[in-house]
Amino acid sequence: MAQAYIKTPLGTALLEGDTKGISKVHVLDDNLPVTCILPDELKDAALQLQEYFEGSRTTFSFLINPKGTDFQKKVWQALLEIPFGKTTSYQELSIKLGDVKAIRAVASANGKNPLWVVVPCHRVIGSDGQLTGYAGGLWRKKWLLEHENPPVQQRLF
């Protein structure tokens with residue numbers, strides 16, 4: 001399994017993967033040195049993440065290979081269907097997955113997402129529109145949502 005550390009505006013991110021795809025993108029609170037020479041398996045993912053943070057990419061096209069239960073993978077697949085710049089609630093996601101009562105299980109799977117930013121768990125908010133739980137910290141969730149949907153400058157005159 002190849003590993004690399006890359007810089008993002010929200011901290012250092014750890015990338016892990018192999019020829020079957022990227023299995024982990026995890027933001028860290030530690031300010032670790034970046035990997036100077038990226039393993040071939042991680043180059044495309046690192047480039048696409050850089051483009052995302054620069055604002056020139058709205059979707060990712062590299063192979064992903066997250067590790068998880070079948071249910072978690074089903075939730076993560078549903079997260080991939082949330083469009084860039086849009087949000088959904090845990091309740092809406094549970095309904096989409098066919099079980100309105102599975103809100104807690106969906107939230108738990110969402111919180112175990114191993115592919116930070118790539119599988120956009122940050123696009124899931126509370127039914128009341130509030131930012132709720134985020135493994136990377138609510139300040140990062142807020143930043144990502146604003147990055148994907150920046151406020152429009154109002155005309156003064």
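**Strands, a one-sided helix and a few odd residues**

In this predicted model, the stretch from residue 3 to residue 62 has its end C-alpha atoms 16 Å apart, and its make-up is 25% helix and 35% strand. That span is the one covered by the UniProt annotation "domain: Methylguanine DNA methyltransferase ribonuclease-like", which comes from an unreviewed entry.

The strands come next, beginning with β1 and β2. Strand β1 (residues 2-8) runs antiparallel to β2, and seven bridges join them. The two make a hairpin, with two residues between the strands. One of the facing pairs puts Ile6 opposite Ala13 of β2. On to the next partner: β2 also pairs with strand β3 (residues 21-27), again in the antiparallel sense, this time over six bridges. Here too there is a hairpin, and β2 and β3 have two residues between them. Asp18 stands opposite Gly21 in β3. So how enclosed is β2 (residues 11-18) by the rest of the structure? Largely, because six of its eight residues are buried.

Now for helix α4. Val106, Ala109 and Asn110 of this helix are buried. They sit on the same side of α4, since the arc they cover around the axis is only 105°. The spacing fits the usual helix geometry: with 3.6 residues a turn, residues three or four places apart point the same way. As for what lies over the buried residues of α4, the cover includes α2 (70-80), α3 (90-96) and β5.

The loop between α4 (103-111) and β5 (124-125) holds Val117, and its backbone is a bit of an oddity. Most residues other than glycine have a negative phi. Val117, though, has a positive phi, near 70°, and is not a glycine. Is Val117 buried or exposed? At 1% relative accessibility Val117 counts as buried, because the cut-off for that label is under 20%.

That leaves the cysteines, among them Cys36 and Cys121. With sulfur atoms required to be within 2.5 Å of each other, the disulfide count comes to zero. Cys36 has a relative accessibility of 76% and therefore counts as exposed, the threshold being over 50%. Cys121, on the other hand, is buried, as its relative accessible area is 8%.

Technical notes. Residues numbered from 1 in each chain as written. Predicted model: local features only at pLDDT ≥ 70, side-chain atom pairs only at ≥ 80, totals over all residues. Heavy atoms only, no water. Helix = DSSP H or I, 4+ residues; strand = E, 2+ residues; numbered from the N terminus. Buried < 20%, exposed > 50% of the residue type's maximum accessible area, 1.4 Å probe, protein only. UniProt positions renumbered as here; feature names shortened; annotations may be inferred. Arc of directions from axis to C-beta. Contact = heavy atoms within 4.5 Å. Pairing = 2+ DSSP bridges.
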